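Reader: Please pick a single residue, look closely at its surroundings, and then work outward to the rest of the chain. Explain each term when it comes up.

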Amino acid sequence: MDYLPLFFDIRDKPCLVVGAGEIAARKLELLCRAGANVRIVAPAICDSVQALIRQHSLEVTEREFAESDIADAVLVIAATNDPAVNQHVFERCDAAGLLINTVDNPQISNVIFPGIIDRSPVLVAISTAGNSPTLARVVRGWIEARLPPGLGRLAEFISTRRDEIKSRLSTISERRQFWERIITGQAGERAMRGDASAAGRAFEAELSAHLSSAGTAAGCVLLVGAGPGDPELLTLKGLRAVQGADVILYDNLVNAQILEYARRDAEKIYVGKKRKFPGTRQEEINALLIAHAKAGRNVVRLKGGDPFIFGRGGEEIEVLTAAGIDCSVIPGITAATGAASYAGIPLTHRDAAQSVRFVTGHRASDRTNLEWPELAKPGQTLVIYMGLPGLEDILAKLIEHGLPAATPAALVEKATLPEQRTVIGDLSDLAGKVRAANIVGPTTIIIGEVINYRLR
Ligand SMILES: C[S@@+](CC[C@H](N)C(=O)[O-])C[C@H]1O[C@@H](n2cnc3c(N)ncnc32)[C@H](O)[C@@H]1O
């Protein structure tokens with residue numbers, strides 16, 4: 001390890017910044033955020049430093065650096081564009097045993113600034129020991145994307161209850177287990193969302209269950225949309241839910257790679273239904289969700305696409321709410337938008353479609369089920385889910401109800417996956433082309449003039 005990472009409480013402590021150009025401005029901003037008592041020494045001051053001086057009432061000495069400037073400083077930043085001055089500042093500070101950072105020059109620094117992710121009071125610092133600021137920036141991006149924006153709120157929520165838990169739970173390991181449940185459970189989720197009263201209620205429920213013989217409070221169920229296939233289309237919130245789950249009940253169309261994000265010890269239960277195979281009945285799925293949540297587990301119900309679009313999400317929350325289980329929904333990218341984007345087809349277009357309808361083709365042959373005259377109206381886009389078995393019927397009925405046979409139509413198979421195939425035709429010939437291509441599904445059908453505007 002080339003450097004010792006430390007977090008420095010610099011509030012109200014004297015810091016000296018030598019130089020007042022753009023590079024000094026970046027460090028000044030940081031020092032001000034940390035509450036340092038900053039003094040600037042520089043013969044000339046750039047506009048952005050002037051703005052910071054006004055904003056934070058900083059002390060300024062407008063002249064060249066003098067050795068006496070470092071007298072009371074605990075940290076010095078050399079940020080001039082003159083290497084000789086920076087070298088001189090470094091030598092004086094180093095000899096005096098002071099902390100000195102020369103901007104972008106670790107060779108003449110005894111401390112360096114890390115890349116930071118600020119979710120105060122949670123702070124993550126990244127260093128490459130000065131080897132590559134670009135690498136530090138990229139790593140910061142990777143970590144940043146994984147950290148919930150509300151992490152700071154969660155840390156504050158915990159700090160308001162630490163003393164209480166310390167006095168009521170006697171051992172360190174008991175407290176650690178309790179806090180883990182709070183952080184990864186409903187209380188943590190609510191605190192990060194900024195709903196302090198709901199977080200408080202979940203916290204109290206967990207604490208009283210912990211203190212009673214029950215051990216743990218009831219868990220919760222999160223209905224999570226896994227997106228249409230490409231695992232990178234899972235939302236960041238969905239990813240965190242999967243990572244924090246004790247149990248995951250997943251469907252047939254969920255990409256197995258998403259399950260890899262789960263904890264090693266998480267229980268993964270397949271409850272998918274395939275077209276010709278009945279799979280787990282909805283009643284059994286509901287019963288499993290309720291049983292696992294009542295046993296105090298954080299349950300994720302992982303569904304292909306979006307839980308609220310032809311995904312029975314509505315039925316599941318109805319049953320869970322009736323059973324008194326806390327549940328919420330994390331949306332996913334639905335097959336319609338995934339298929340359209342990956343096939344380069346806009347779903348609306350000012351010159352071609354002012355609205356878009358998502359329709360199930362599941363019971364296309366049932367005349368009473370779909371509003372064919374409405375579906376056959378021009379100026380809109382139709383997206384048909386589960387339409388492959390009834391494709392011929394669907395296309396014929398649209399023509400029968402007045403949509404021109406030459407209306408463009410597309411079918412996207414295995415949308416967003418590397419095996420995706422797109423068949424383009426019109427109402428009169430799409431079914432034949434699909435047969436010839438030996439398509440097996442899953443498929444999404446898009447009908448409308450928007451197909452003429454596709455990315456080719
Ligand atoms: C039961 S529905 C679930 C829809 C899902 N909740 C959603 O929002 O995408 C299943 C249908 O979605 C469509 N679908 C799901 N994933 C797909 C994919 N990768 N490519 C094409 N269509 C897909 C197919 O029409 C499939 O029969």
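Author: Lys-268 counts as partly exposed, because it has 14 C-beta neighbours inside 10 Å. The scale behind that word calls a residue buried if 20 or more other C-beta atoms lie within 10 Å of its own, exposed if 12 or fewer, and partly exposed in between, with C-beta atoms placed from the backbone. Everything here comes from a predicted model, in which local features need pLDDT of at least 70 and side-chain atom pairs count only at pLDDT 80 or more, while totals for chains, interfaces and linings use all residues. Residues are numbered from 1 along each chain as its sequence is written.

Lys-268 sits in strand E10, residues 267–270. Helices (H or I, at least four residues) and strands (E, at least two) are DSSP runs, numbered from the N terminus. Leaving aside residues up to four places away in sequence, Lys-268 touches Ile-248, Tyr-250, Leu-259 and Ala-262; a contact requires the C-beta atoms, placed from the backbone, to lie within 7 Å. Asp-246 is 22 residues away from Lys-268 along the chain, yet their C-alpha atoms are separated by 8.7 Å.

Now the chain as a whole. The domain assignment gives domain 1 (14–113), domain 2 (151–211), domain 3 (220–330) and domain 4 (338–453); such bounds come from an automatic or database domain assignment. Between the C-alpha centres of domain 1 and domain 2 there are 42 Å.

A useful contrast to Lys-268 is Ala-73, found in the loop between E3 and E4. Ala-73 has 21 C-beta neighbours inside 10 Å and therefore counts as buried. Its contacts, not counting residues up to four places away in sequence, are Pro-14, Cys-15, Leu-16 and Leu-98. Cys-93 is 20 residues from Ala-73 in sequence and 9.5 Å from it in space, C-alpha to C-alpha.

The strands on either side of that loop belong to an open parallel sheet of five, ordered E3-E2-E1-E4-E5. Two strands pair if DSSP finds at least two bridges between them. Strand E3 (59–61) and strand E5 (99–102) stand at the edges with a single partner strand each, so one side of each has no neighbour in the sheet. On average, neighbouring strands of this sheet are turned by 20° against each other, direction ignored. Angles in this account run from 0 to 180 degrees between N-to-C directions, with axes fitted to C-alpha atoms, for helices over the stretch in contact. Strand E4 (residues 75–78) joins E5 over four parallel bridges, and Ala-78 has Thr-102 of E5 as its bridge partner. Helix H1 (residues 22–33) lies across strand E1 (14–18), strand E2 (37–41) and E4, at about 170° to E1. Helix H3 (residues 83–96) lies across E1, E4 and E5, at about 165° to E5.

A second open sheet of five strands runs E13-E14-E17-E15-E16, with mixed pairing. Its edge strands are strand E13 (355–360) and E16, each pairing on one side only. Here too neighbouring strands are turned by 20° against each other on average, direction ignored. Helix H13 packs on this sheet and touches E13, strand E14 (380–385), E15, E16 and E17, making about 75° with the direction of E17.

Within this sheet, strand E15 (residues 408–413) has six of its six residues buried, so it is largely enclosed by the rest of the structure. In a regular strand the side chains alternate between the two faces of the sheet. In E15, Pro-408, Ala-410 and Val-412 point one way, and Ala-409, Leu-411 and Glu-413 the other. E15 pairs with strand E16 (residues 421–426) over six antiparallel bridges: Pro-408 stands opposite Asp-426, and Glu-413 has Arg-421 as its partner. E15 also pairs with E17 over five antiparallel bridges, where Ala-410 is matched with Ile-446.

That leaves the ligand. It is surrounded by 22 residues, the closest being Gly-305, Gly-311, Thr-334, Ala-335 and Ala-415; the test is a C-beta atom, placed from the backbone, within 6 Å. Helix H13 (335–343) and strand E17 (443–447) each supply at least two residues of this shell. Domains 3 and 4 both give residues to the shell, so the ligand lies between them.

Terms used
Two residues are in contact if their C-beta atoms, placed from the backbone, lie within 7 Å.
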